[in-house]
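Q: I am new to this structure and would be grateful for a close look at a single part of it. Please treat that part in one connected account.

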Amino acid sequence: MASRGRVRVERLVAEIGWSRKRLWSRFRAQIGLTPKRVARLIRFDHAARRLAAGHGAALVAAESGYADQSHLHRDVMAFAGMTPAAVAVSPFLARDDVAWPSEHASGM
């Protein structure tokens, strides 16, 4: 979460001392998803919130770890079923400032 889904699986494997296969197996058993899928979802969540905050797709793609804007577009379509522009104005990203403090307060 701290790296917003940008930690490479190889680095994670090296840090915890497990094989890649064991990490995949344990992660899937505990979380229900593979590490890569979770990383993509975390990266998408960050990008979607940045889009909703009014930032342009190209900037969001660059700061969220996407290779380019079309890569962001593909993930947004895959996870949300809409374009980045539609996600930016979607009410599902409305924020409750008490439950979800602003990005400046939380260090996002």
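Is aspartate 75 buried or exposed, and what is its relative accessibility? Please also describe the surroundings of this residue.

A: The model is a predicted one. Aspartate 75 counts as buried, because its relative accessibility is 4%, and a residue is called buried under 20% relative accessible area. Its place is in helix α5.

The setting may be given briefly. The protein chain contains 7 helices and 0 strands, and its pattern along the sequence reads α-α-α-α-α-α-α. Of the 108 residues in the protein chain, 28% are buried. Among contacts between residues at least 6 apart in sequence, 40% join residues at least 24 apart.

The side chain of aspartate 75 takes part in two polar contacts. One, of 2.5 Å, links aspartate 75 with the side chain of arginine 40. Another, of 3.4 Å, links aspartate 75 with the side chain of tyrosine 66. When neighbours within four places in sequence are set aside, the residues in contact with aspartate 75 are Arg40, Arg43, Phe44 and Tyr66.

Two of these partners, Phe44 and Tyr66, lead to the nonpolar core, for both are members of the largest one. That core has 11 residues in all: Phe44, Ala47, Ala48, Leu51, Ala57, Val60, Ala61, Tyr66, Leu72, Val76 and Val87. Helices α3, α4 and α5 (69-80) each supply at least two of its residues. The most comes from α3, which gives 4 residues.

Another partner of aspartate 75, Arg43, leads to the packing of two helices, since Arg43 is among the α3 residues that meet α4. Two packed helices are described by the angle between their axes and the distance between the axes. Helix α3 covers residues 35-52 and helix α4 covers residues 57-64; the angle between them is about 145°, and their axes lie 10 Å apart. Their crossing is right-handed. On the α3 side the contact involves Arg43, His46, Ala47, Arg50 and Leu51, and on the α4 side Ala57, Val60, Glu63 and Ser64. By character, the residues of this contact comprise 4 nonpolar, 2 polar and 3 charged.

Valine 60 belongs both to this helix contact and to the largest nonpolar core. Apart from neighbours within four places in sequence, valine 60 touches Ala47, Arg50, Leu51, His55 and Leu72.

Histidine 46, in helix α3, also belongs to the contact with α4. Histidine 46 is classed as buried because its relative accessible area is 5%. The side chains of histidine 46 and serine 64 are joined by a polar contact of 3.1 Å. With neighbours within four places in sequence left aside, histidine 46 is in contact with Arg4, Glu63 and Ser64.

Two further residues complete the picture. Aspartate 45 also has its place in helix α3, and is partly exposed, with a relative accessible area of 31%. The C-alpha atom of aspartate 45 is separated by 9.6 Å from that of glycine 5, although the two residues are 40 residues apart along the chain. Alanine 53 is located in the loop between α3 and α4. Alanine 53 counts as partly exposed because its relative accessibility is 47%. From C-alpha to C-alpha, alanine 53 and valine 89 are 9.2 Å apart in space, while in sequence they are 36 residues apart.

In summary, aspartate 75 is a buried residue of helix α5, joined by side-chain polar contacts to arginine 40 and to tyrosine 66.

Notes: Residues are numbered from 1 along each chain as its sequence is written. This is a predicted model: local features need pLDDT of at least 70, side-chain atom pairs count only at pLDDT 80 or more; totals for chains, interfaces and linings use all residues. Side-chain values use heavy atoms; hydrogens and water are left out. Axes are lines fitted to C-alpha atoms, for helices over the stretch in contact, and angles run from 0 to 180 degrees between N-to-C directions. A crossing is left-handed if the near helix is turned anticlockwise from the far one by less than a right angle, and right-handed if clockwise. Contact means heavy atoms within 4.5 Å. Ala, Val, Leu, Ile, Met, Phe, Trp, Tyr, Cys and Pro count as nonpolar, Asp, Glu, Lys and Arg as charged, and the others, Gly among them, as polar. Buried means under 20% relative accessible area, exposed over 50%, partly exposed in between (1.4 Å probe, protein chains only). A nonpolar core is a set of buried Ala, Val, Leu, Ile, Met, Phe, Trp, Tyr and Cys residues joined through side-chain atoms within 4.5 Å. A polar contact is a pair of N or O atoms within 3.5 Å; within protein, one must be able to donate a hydrogen and the other to accept it, and residues adjacent in sequence count only if both atoms are side-chain atoms.
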